[in-house]
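Me: I'd like to learn how to read a structure like this one, feature by feature. Could you walk me through it?

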Amino acid sequence: MQSLPRITVEVPVLSVGSGLSDYEQLGSYVHGLRRPQGLHLTLLHIGILEDFSRDVAEWTNGITSPDAVISRTVGWLRSLPVLEGFSGRAERLILLGGGSISGLEVDVPERVHDYQASLLQGLRELLDGLLVDHVDDFILSSRALGFRHPRWTPHVAVGRPQTKDRGPWPIPPLTVQCGESRIRNARFLPAVA
């Protein structure tokens with residue numbers, strides 16, 4: 001059985017450093033270096049849409065149905081403006097996911113922070129419209145959303161850490177070139193009226 005896809009708003013990473021060899025040097029810091037073709041920087045994680053709809057339905061004690069959550073969420077995602085591509089800079093690796101993943105911490109332009117903040121505000125408004133009370137508490141407790149920290153740290157996951165050390169680890173500075181924002185797994189979003 002194929003697992004359901006996770007839905008995120010992200011930007012693809014087009015290049016790291018001045019060539020493939022710059023990226024491959026990160027292999028001396030991490031195990032299982034990810035393929036460069038799949039690298040991305042997540043702006044907002046929605047998770048598995050069915051799980052998200054169930055979280056909202058449970059939080060609202062069934063006042064908002066899972067079908068209503070899916071319909072409104074898909075409509076909201078499809079109406080999001082596109083963030084233009086940008087360049088960032090990475091100078092260190094950080095631990096992610098409770099310590100199981102290493103990522104490049106990326107210094108991004110202020111407009112990227114503004115866009116991400118607008119996504120989070122849009123999510124709050126979406127949830128308010130879905131009759132979720134205590135929206136920030138819901139965001140931090142939703143299993144589907146998976147927020148661990150209220151503050152967003154721009155990062156690109158690259159592999160498993162080589163040491164048990166908590167980091168961060170300095171690396172030679174790298175330019176990270178990112179493309180336009182997109183909805184990951186958008187092809188799996190259901191058609192809604």
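Me: Let's begin with the strands. In S8, which residue is the bridge partner of Glu-10?

Reply: Happy to help, and keep in mind that this is a predicted model. The bridge partner of Glu-10 in S8 is Arg-182. That pair belongs to a set of 3 bridges joining S1 to strand S8 (residues 182–184), and the two run antiparallel.

Me: Which other strands does S1 pair with?

Reply: Strand S3 (residues 40–48) is joined to S1 by 7 bridges, in an antiparallel arrangement; within S3, Ile-48 is the partner of Arg-6. Strand S7 (residues 169–178) also runs antiparallel to S1, with 3 bridges, and there Val-16 is matched with Val-176.

Me: Why is S1 described as largely enclosed by the rest of the structure?

Reply: Look at burial, where a residue counts as buried under 20% relative accessible area. In S1 (residues 6–16), 8 of the 11 residues are buried, so the strand is largely enclosed by the rest of the structure.

Me: Now a helix. Which residues of H2 are buried?

Reply: A general idea first: an α-helix has 3.6 residues a turn, so residues three or four places apart point the same way. In H2 (residues 49–59), the buried ones are Leu-49, Phe-52, Ser-53, Asp-55, Val-56 and Ala-57. These pack against S3, helix H3 (66–78), H4 and helix H5 (135–141). Just after H2, Asn-61 has a positive phi of about 55°.

Me: What does Phe-52 touch, leaving aside its neighbours within four places in sequence?

Reply: Its contacts are Ile-46, Val-69, Thr-73, Leu-123, Leu-127, Phe-138, Ala-144 and Leu-145. Phe-52 is also among the residues with the most contacts inside the largest nonpolar core, together with Leu-43, Leu-104 and Leu-123; that core has 55 residues. Helix H4 (residues 110–129) supplies the largest share of this core, 7 residues.

Me: And empty space? How much lies in the largest pocket?

Reply: Rolling a probe the size of a water molecule over the atoms shows where empty space is left. Here the largest pocket holds about 1200 Å³. It is lined by 38 residues, and Leu-96, Gly-97, Gly-146, Arg-148 and His-155 are the closest to its centre.

Me: Which element gives the most to that lining, and how do the lining residues divide by character?

Reply: S3 gives the most, with 5 residues. Elements that each supply at least two include S1, strand S4 (86–96), strand S5 (101–107) and strand S6 (155–161). By character, the lining has 15 nonpolar, 13 polar and 10 charged residues.

Methods:
Residues numbered from 1 in each chain as written. Predicted model: local features only at pLDDT ≥ 70, side-chain atom pairs only at ≥ 80, totals over all residues. Heavy atoms only, no water. Buried < 20%, exposed > 50% of the residue type's maximum accessible area, 1.4 Å probe, protein only. Helix = DSSP H or I, 4+ residues; strand = E, 2+ residues; numbered from the N terminus. Pairing = 2+ DSSP bridges. Core = buried A, V, L, I, M, F, W, Y, C linked by side-chain atoms within 4.5 Å. Contact = heavy atoms within 4.5 Å. 1 Å grid on protein atoms, 1.4 Å probe; cavity = no way out; pocket = protein on both sides within 12 Å on 5 of 7 lines; lining within 4 Å. Points joined across faces, edges and corners; volume = space filled by probe spheres on them. Nonpolar A, V, L, I, M, F, W, Y, C, P; charged D, E, K, R; others polar.
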